[in-house]
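Q: I'd like a close look at one part of this protein, the largest pocket. What lines the largest pocket, and which elements give residues to its lining?

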Amino acid sequence: MTSTSTSTSTWTIVHTATHLADVILGSIADILGHLGIDATQLFSSWAQDESAITAWIAEESLESVVLECHRPSGSVSPILEFPVSYTVGGVADKTFTADRASLARYLAKLETVPKGTTYRLFVTFRKARTPQPGWSSATRAGTNGMRSSSFGTLAGAPHGSAGLRYFTSR
């Protein structure tokens, strides 16, 4: 008597969306903690923000999540962008990755911010999106004239990835 068994696994865009949203928000929390910026609001709205970002990634409308650091002087620096890119049809053998160890090393290079610096989160879109609770239209700070550097890929999954770009005043 012979026996045969098979196994399959299916990763959907929802798995990718959940993973990327978690890594992006977790990275924002790490960055705020490193900079000494009060993250109370981030944690109190975590479930709502994670749900919104996950939904926008799942529908492939999200272009980027943006963290702006507003200094007591009125200047905005640094600005961190988490661009999301999508893989058409998914990549079946792509694994879920998060480069949190490299982020920790990268954080050591971030400039410090003065006491009293606050933050704001923004999202940008690449196409029409579904409205989500807690998010409304707003105008973000520009990055013209700022120095830019790229962290590269922060997280990857079968249907997309998230990167990190860093802008600072010259």
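A: Happy to help; here is a walk from the whole chain into the pocket. Please keep in mind that this is a predicted model. The chain averages a pLDDT of 88, and 88% of its residues score at least 70. Confidence is highest in strand β1 (residues 62-70), at a mean of 98, and lowest in strand β3 (residues 97-98), at 68. Where pLDDT is low, the predicted coordinates should not be read in detail.

For orientation, the chain has four helices and six strands, and along the sequence they run α-α-α-β-β-β-α-β-β-β. Of the 170 residues, 45% are buried. Among contacts between residues at least 6 apart in sequence, 77% join residues at least 24 apart.

Now to the pocket itself. The largest pocket has a volume of about 480 Å³, and 23 residues line it. Nearest its centre lie L121, F122, G134, W135 and S136. Three elements each give two or more residues to this lining: helix α2 (40-44), helix α3 (46-58) and strand β4 (118-125). Strand β4 has the largest share, with seven residues. As for chemistry, the lining of the largest pocket divides into 10 nonpolar, nine polar and four charged residues.

To set the pocket against the outside of the protein, the accessible surface of the chain comes to about 9100 Å², and carbon and sulfur atoms account for 51% of that surface.

Terms used
Residues numbered from 1 in each chain as written. Predicted model: local features only at pLDDT ≥ 70, side-chain atom pairs only at ≥ 80, totals over all residues. Heavy atoms only, no water. pLDDT = per-residue confidence, 0-100. 1 Å grid on protein atoms, 1.4 Å probe; cavity = no way out; pocket = protein on both sides within 12 Å on 5 of 7 lines; lining within 4 Å. Points joined across faces, edges and corners; volume = space filled by probe spheres on them. Nonpolar A, V, L, I, M, F, W, Y, C, P; charged D, E, K, R; others polar. Buried < 20%, exposed > 50% of the residue type's maximum accessible area, 1.4 Å probe, protein only. Contact = heavy atoms within 4.5 Å. Areas by Shrake-Rupley, 256 points an atom, 1.4 Å probe, with all protein chains shown as cover.
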